[in-house]
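Q: I am new to this structure and would like a close look at one part of it, taken slowly. Please walk me through a single helix and the surroundings it belongs to.

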Amino acid sequence: MQGKTHLRIGLATGVAVGFATSDNFLTLTTTVAIAAAASMLPDIDEDGSKINKWLFSSLNRKWRSLALASVGVMICLFWYFAQLPLWVLLSGLYCAGVAYVPHRSVTHSFIGMAYVLVVIYLALPEYLYAVAAGYFSHLLADAFTVAGVPFLWPYPKKIGMKQIGLKVRTGRETDKVLGRATLVIACVGYVYLLGKMYIVG
């Protein structure tokens, strides 16, 4: 699916998590933002993805993997010399490790998701559910595409909904409609929760 569709699904997912975990404006907004960011993370293995355009907008596409790997190495060195927490090292290893992997491989698997959740648990445990929901929303959404998702990587079989007749082609009308619908749901849900917190509550 398109990056903006993943982002909008991530926003809606964040609102859903916020409904269960947030009780004020700051935690709700942070939960939604973190879930949205997590929903983009699996595509960090693709040079032309929206998340890589955000991170390295000034770089030519062909240099983005090198930049990501370099950032990862620098984070690891910083961890070593500054004696920082373990999650910093794990973050650096993640950036360096996924910079050159094939698209829709480890980052689109349960192993990749579990690694990210370990990092978040060590760094920001209060937002573990937001990251888990946002990240999984990306995998689930891509399972509806024709290509499918290697949930069980390194087992190479890609699993998708096309086997049961459900499929969405990236960039086509269904993709766009889904993105618009989830954006509306996210906005309505966010406003509803704020009203519930500060008006009804």
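A: What follows starts with one helix and then moves outward to the core and the charged pairs. The model is a predicted one, and the part chosen here is α2, which covers residues 25-40.

The helix can first be checked for its length: at 1.5 Å a residue, the 16 residues of α2 should span 22 Å, and the C-alpha atoms at its ends lie 23 Å apart, which agrees. At its N-terminal end α2 is capped by Asn 24, which has a side-chain oxygen 3.1 Å from the backbone nitrogen of Leu 26. Along the helix, the buried residues are Leu 28, Thr 31, Val 32, Ala 35, Ala 36, Ala 38, Ser 39 and Met 40. As background to such a list, an α-helix has 3.6 residues a turn, so residues three or four places apart point the same way.

From here the view widens to the largest nonpolar core, which has 24 residues, and among them Leu 41, Ile 44, Leu 68, Tyr 94, Val 116 and Tyr 135 touch the most other members. The helix α2 supplies at least two residues of this core, as do α4 (64-82), α5 (86-98), α6 (110-123) and α7 (128-143), while α7 gives the most, with 5 residues. If neighbours within four places in sequence are left aside, Tyr 135 is in contact with Ala 38, Ser 39, Leu 41, Pro 42, Tyr 94, Thr 107, Gly 112, Met 113 and Val 116; of these partners, Ala 38 and Ser 39 are also among the buried residues of α2. There is also a second, separate core of 7 residues, which includes Ala 12, Val 15, Val 32 and Met 197, and Val 32 is one of the buried residues of α2.

Beyond the nonpolar cores, the structure holds 2 salt bridges. One of them joins Arg 61 to Glu 46, with the closest N and O atoms 2.7 Å apart; Glu 46 sits in the loop between α2 and α3 (50-55), and Arg 61 in the loop between α3 and α4, so that this pair links distant parts of the chain, 15 residues apart. Arg 61 counts as partly exposed because its relative accessibility is 47%, and Glu 46 counts as partly exposed because its own value is 22%.

The other salt bridge is between Arg 104 and Asp 142, whose closest N and O atoms are 3.2 Å apart. Here Arg 104 lies in the loop between α5 and α6 and Asp 142 in helix α7, 38 residues apart, and both Arg 104 and Asp 142 are buried.

Notes
Residues are numbered from 1 along each chain as its sequence is written. This is a predicted model: local features need pLDDT of at least 70, side-chain atom pairs count only at pLDDT 80 or more; totals for chains, interfaces and linings use all residues. Side-chain values use heavy atoms; hydrogens and water are left out. A nonpolar core is a set of buried Ala, Val, Leu, Ile, Met, Phe, Trp, Tyr and Cys residues joined through side-chain atoms within 4.5 Å. Buried means under 20% relative accessible area, exposed over 50%, partly exposed in between (1.4 Å probe, protein chains only). Helices (H or I, at least four residues) and strands (E, at least two) are DSSP runs, numbered from the N terminus. Contact means heavy atoms within 4.5 Å. A salt bridge is a side-chain nitrogen of Lys or Arg within 4 Å of a carboxyl oxygen of Asp or Glu. The expected span of a helix is 1.5 Å times one less than its number of residues. A polar contact is a pair of N or O atoms within 3.5 Å; within protein, one must be able to donate a hydrogen and the other to accept it, and residues adjacent in sequence count only if both atoms are side-chain atoms.
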